[in-house]
Amino acid sequence: MTTTEAGGVTGTFSPRPGAAPLPRMIRAQAALETRMLLRNGEQLLLTVIIPTLLLVLFSAVDIIAVPTATAGGAGRSVDFLAPGILALAVLSTAFTGQAIATGFERRYGVLKRLAVSPLPRWGLMTAKTCAVLVTEVLQIALLTAVALALGWSPQGNPLAVAALLLLGTTAFSGLGLLMAGTLKAEATLAAANLVFLLLLVGGGVIVPLEKFPEAAQSVLGLLPITALSDGLRAVLQHGAGLPWPDLGILAVWAVLGLGAAARFFRWE
């Protein structure tokens, strides 16, 4: 507390310099990260437009025969496709979008400056994760509405779906941060988009794994996108309970991805 005299008047002032409370800083950073994601046209193309177009196109036109498709039955096709497209939405936001955005923030020195701010590094990563979760909620709401309009009839326990989505988000976030923190921004841009395309085709999203050779199926079945797609499909299409094998695969990828990102992520 400081007391000063000016013109015979005594005033008491009590300045309180210092950082804002940690939860408030994380909320403010998360809100900023979310606005940046939603205002980025390329991110919207990747996270909203492409999954929606794929859902509508492959549900309405028999481009690829899916196990539940029937002649003239787009509604049966969407029962197979909708869970895979939801998994693709998680991949696009938690992995591809986050890797590219974080990679360029690292290149331009944004992360270096934020790292010396009152917000701790783990707080920054928490804010980024919150922004990813908010974006995914919007994605899932939109894709669910589109799928229902196309005749989708989801089944199963919503808690099982939430567990799969959270574990999938954790796994892909760890892998995205690992890529962004170890590669140059241009290499991250190319690699993240390439991985997105490869997993779109080979991860059981729109092409059933049965279409691949048996030797390839055993390898593709261990990918996180395949585990997420198959797990969501087991619950939402077939009404299964918790798909423990798929949850186990996602948990392993989550531990490996986050552990490697914490160990090898470079802020400069």
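This passage describes the fold, two helices, the salt bridges and the aromatic pairs of a predicted model.

The protein chain has 268 residues, and 46% of them count as buried. Its secondary structure comes to ten helices and two strands. The order from the N terminus is β-β-α-α-α-α-α-α-α-α-α-α. The two strands therefore precede the ten helices.

Helix H1 covers residues 22-39. At 1.5 Å a residue, its 18 residues should span 26 Å, and the end C-alpha atoms are indeed 26 Å apart. Seven named positions in H1 are buried: Met25, Ile26, Gln29, Ala30, Glu33, Thr34 and Leu37. Seen down the axis of H1, these buried residues fall within an arc of 165°, so they line one face of the helix. In an α-helix there are 3.6 residues a turn, so residues three or four places apart point the same way. The face of H1 turned away from the buried side carries Arg24, Arg27 and Arg39. These three arginines are exposed.

Helix H9 takes up residues 224-236. It has 13 residues and reaches 18 Å from its first C-alpha to its last. That is close to the 18 Å expected at 1.5 Å a residue. H9 is mostly covered, with twelve of its 13 residues buried. The buried set opens with Pro224, Ile225, Thr226, Ala227, Leu228 and Ser229. It continues with Gly231, Leu232, Arg233, Ala234, Val235 and Leu236. A charged residue, Arg233, is thus listed among the buried residues of H9.

Four salt bridges are found in the structure. Side chains of opposite charge can pair when their charged atoms come close. In one of the four, the side chains of Lys128 and Glu33 meet at 3.3 Å, N to O. Lys128 lies in helix H5 and Glu33 in helix H1, so the pair ties together parts that are 95 residues apart in sequence. Lys128 has 4% relative accessibility and counts as buried. Glu33 is buried as well, at 7% relative accessibility. Glu33 also belongs to the buried residues of H1.

Lys128 has a further partner. Its side chain meets that of Glu105 in a salt bridge of 2.6 Å, N to O. This pair links distant parts of the chain, with Lys128 in helix H5 and Glu105 in helix H3 (residues 74-107), 23 residues apart. Both Lys128 and Glu105 are buried.

Another salt bridge joins the side chains of Glu186 and Arg107 at 2.5 Å, N to O. Here too the pair links distant parts of the chain: Glu186 is in helix H7 (residues 185-202), Arg107 in helix H3, and the two are 79 residues apart. Glu186 is partly exposed, with a relative accessible area of 40%. Arg107 counts as partly exposed at 47% relative accessibility. Among the salt bridges, those that share partners join Glu33, Glu105 and Lys128 into one network.

A search of the whole structure finds two aromatic pairs. Phe104 and Tyr108 form a tilted pair, 6.2 Å centre to centre, with 35° between the planes. Tyr108 counts as exposed, at 55% relative accessibility. Phe265 and Trp267 form an edge-to-face pair, 5.3 Å centre to centre, with 70° between the planes. Both Phe265 and Trp267 are buried.

On the surface, Leu38, Val134 and Leu138 make a nonpolar patch of about 230 Å². Leu138 sits in helix H5, which covers residues 121-149. Leu138 is partly exposed, with a relative accessible area of 46%.

Val207 is found in the loop between H7 and helix H8 (214-220). Val207 is nonetheless buried, with a relative accessible area of 14%. Its C-alpha atom is separated by 10.0 Å from that of Phe80, although the two residues are 127 residues apart along the chain.

Conventions:
Residues are numbered from 1 along each chain as its sequence is written. This is a predicted model: local features need pLDDT of at least 70, side-chain atom pairs count only at pLDDT 80 or more; totals for chains, interfaces and linings use all residues. Side-chain values use heavy atoms; hydrogens and water are left out. Helices (H or I, at least four residues) and strands (E, at least two) are DSSP runs, numbered from the N terminus. The expected span of a helix is 1.5 Å times one less than its number of residues. Buried means under 20% relative accessible area, exposed over 50%, partly exposed in between (1.4 Å probe, protein chains only). The arc is that of the directions from the helix axis to the C-beta atoms. Patches are made of residues with over 30% relative accessible area and no salt bridge: like charges are joined within 9 Å, nonpolar side chains (Val, Leu, Ile, Met, Phe, Trp, Tyr) within 5 Å. Accessible areas come from the Shrake-Rupley method with a 1.4 Å probe; for residues, only the protein chains shown count as cover. Rings of Phe, Tyr and Trp (its six-membered ring) pair if their centres lie within 6.5 Å; planes under 30 degrees apart count as stacked, over 60 as edge-to-face and the rest as tilted.
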